[in-house]
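Visitor: I have the sequence and the model open. Please walk me through the main points, briefly.

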Amino acid sequence: MGSRDRFRGRSRSRDRDMRGVGTRMDRERDRERFRDRDRARDYGRGMQRNGRDVRAGGKGRKPDDDRFKDSLSEGLKQQKESSSESEIADIDIDDEEDEEKIIEKRRKEREALLKKLGVLNEDSNTMTEVEPPELKQVSMISTAPSSRNESRETTIQRAEDNDCDGTDQSLTPPIPNERKALMDKVERKPKESPEPPKDLDRQSKEPKTSAKENSKRPEWDMFAEQDIDSNFDSPGTIVANKQAHENPALTDNWDDAEGYYRVRIGEILDNRYVVANYTGQGVFSTVVKARDQARGNAFVAVKIIRNNEIMHKTGLRELEILKKLNDADPSDRYHCLRLYRHFFHKQHLCMVLEPLSMNLREVLKKYGKNVGLHIKAVRSYTQQLLLALKLLKKTGILHADIKPDNILVNENNLVLKLCDFGSASSITDNEITPYLVSRFYRAPEIILGLTYDYGIDMWSAGCSIYELYTGKILFSGQSNNQMLKCFMDLKGKIPNKLIRKGQFKDQHFDQNCNFLSHEIDKITEREKVVVVSMIKPTRDLQQELIAGQNLPDDQIRKVSQLKDLLDKVFALDPAKRISLNHALAHPFIQDKI
């Protein structure tokens, strides 16, 4: 067994020795193959060069003895002293010197020369040159681009080919004429930036910037290809024009999740309106206050409609109604909001309106919280509001959302304007729906499902007038059913003939026209229906208006006139409700304090 193991060990060592000999032979064979290939290539290159010299009439250089024969650098010519070689020592290489040392020494010498020229990229192992974007593009247009990973021998070959027609040769790659001119200009720190090639001018759509603008520009882009000088701008690094066309598909940058435009203070809309501050936001739009640069920086209000299909259609309808109202009142006597013009901004419809200060709800909070305004102010506001309703009737328009929030006043709180016509419609388009108008200001005919007309705006105006004087909401039901109960608490039972005509009567009344009151049980906290057959008025409007105030006689008289006007406004039967002309002729309006 021991002799057999020794025999196996000898055979394994013999096999390793044979493999080692084979590997060395393969390496020698590869080296010889590379030498033969280099000799053939250098020989062919020499023949080409000799042919060019002969065609040039013998003007080429005389061939010298090849000092690098049988080496990787075979075929290179002896160099005469040039401007670039004068900066480094002469190269003396023995024929017996190892090829790898020759290559390494040349690499170091070329690296030192390129460092002096300032064009070496130290991060690259292949000593790739870093070119400015202009020269990269020039080289792409004039010659085929060279690979970053090409061998050192290929680089030397290209250097010889590019310089074969000149009088000097160098072991380093030649510097393009464009780069030489550019480096000379950079060393002198020119006042004018170099012009890009004409081909680039045709390809580039970006505007050119002057040298003065470049020197004044303070910002610096850390990601730009500014390799040579911070003040140098290539066509690829010009800052984009701020007024360039935006992509209309990128609406996420402009709108929030609900389609409201994100307003920025100082933003310029339509190249004209500078946003000064944010005013408010409603169901249909956002309103901002802006300065009109075309009219001496005068203030205007810009209403920016939400960006979705329904709101856009609503905005267009409001725009049409405002134009119709303004055309019917050119002298601005009927207290409806004035429209100046409209435009589109980032897919939003924008309406430029006259600037106003506060709405009446804000006026109530500021001057009459929980107590209301003075009777003189209420009389003036009531007259102006009735005039606005008269213009609406004249043009055949229903506002359908009159409330203190949609009534604005000017800076000195004297002039009132009816605004926000987003719910407005033509009198011929009055679709029956139980949720028209804000609930606290909703007329009974809407809740019952009756046909309606201008009387719904009169009802809403009466609710707003009561709120102005008392500071309290007149009908504060939490549902349409509770709203009917509030109406009857003030005015008594709704007539049966109105109930029977209503499309929604079954929701609130039984077959005998008894009111079905939807209430919450105090014990079980569940909704229950209580049949109410007899309803009598429980509220005294006169007492609610005076509210225990010690008023002088003239004010008590005006409060009594206001109570009489409101009684006629709140007639449950719209046919018996006071008309606009009669309301304007009422003593509360005509008799001044």
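**Strands, helices and charge pairs**

Visitor: Which residue in strand 4 is the bridge partner of R291?

Guide: Helices (H or I, at least four residues) and strands (E, at least two) are DSSP runs, numbered from the N terminus. Strand 3 (residues 285-292) and strand 4 (residues 298-305) run antiparallel. The partner of R291 in strand 4 is F299.

Visitor: What pLDDT do local features need in this model?

Guide: Residues are numbered from 1 along each chain as its sequence is written, and side-chain values use heavy atoms, with hydrogens and water left out. The model is predicted: totals for chains, interfaces and linings use all residues, side-chain atom pairs count only at pLDDT 80 or more, and local features need pLDDT of at least 70.

Visitor: How many helices and strands are there in the protein?

Guide: The protein has 593 residues, and 39% of them count as buried (under 20% relative accessible area; exposed is over 50%, partly exposed in between; 1.4 Å probe, protein chains only). There are 18 helices and 13 strands.

Visitor: Among contacts between residues at least 6 apart in sequence, what share joins residues at least 24 apart?

Guide: Contact means heavy atoms within 4.5 Å. Among contacts at a sequence separation of at least 6, those joining residues at least 24 apart make up 60%.

Visitor: Which strands are the edges of the open sheet?

Guide: Two strands pair if DSSP finds at least two bridges between them. Six strands form the sheet in the order 1-2-3-4-6-5, with antiparallel pairing. An edge strand pairs on one side only, and that fits strand 1 (268-269) and strand 5 (339-345).

Visitor: How many bridges join strand 3 to strand 4?

Guide: V287 stands opposite K303 in strand 4. Five residues lie between the strands of this hairpin, and among them G296 takes a positive phi near 65°. Strand 3 and strand 4 run antiparallel, and the bridges between them number eight.

Visitor: Which residue in strand 3 is the bridge partner of G280?

Guide: Strand 2 (residues 273-281) runs antiparallel to strand 3, joined by seven bridges. These strands form a hairpin with three residues between them. In strand 3, G280 has as its bridge partner V287.

Visitor: In the hairpin of strand 12 and strand 13, which residue takes a positive phi near 60°?

Guide: Strand 12 (residues 515-520) and strand 13 (residues 527-532) run antiparallel and are joined by six bridges. I520 stands opposite E527 in strand 13. The hairpin has six residues between the strands, and the positive phi belongs to E525.

Visitor: How far does helix 16 reach from its first C-alpha to its last?

Guide: Helix 16 (residues 553-569) has 17 residues. The expected span is 1.5 Å times one less than the number of residues. Helix 16 is close to the expected value: its reach is 24 Å.

Visitor: How wide an arc do the buried residues of helix 16 cover around the axis?

Guide: The buried residues are Q555, K558, V559, Q561, L562, L565, L566 and V569. They lie on the same side of helix 16 because the arc they cover, taken from the directions from the helix axis to the C-beta atoms, is only 160°.

Visitor: How many salt bridges does the rule count?

Guide: A salt bridge is a side-chain nitrogen of Lys or Arg within 4 Å of a carboxyl oxygen of Asp or Glu. D329, D332, R338, E354 and K417 are linked in a network of them. The count comes to 22.

Visitor: How far apart in sequence are the parts that E445 and R577 tie together?

Guide: E445 and R577 form a salt bridge, with the closest N and O atoms 2.9 Å apart. E445 lies in helix 11 (residues 444-448) and R577 in the loop between helix 16 and helix 17, so the pair ties together parts separated in sequence by 132 residues.

Visitor: Does E445 count as buried or exposed?

Guide: Its partner R577 has 7% relative accessibility and counts as buried. E445 has 1% relative accessibility, so E445 counts as buried.

Visitor: How many residues apart are R107 and E111 in helix 2?

Guide: R107 forms a salt bridge with E111, the closest N and O atoms being 3.2 Å apart. E111 counts as partly exposed, at 22% relative accessibility. The two residues sit in helix 2 (residues 99-117), and their separation of about one helical turn comes from being apart by four residues.
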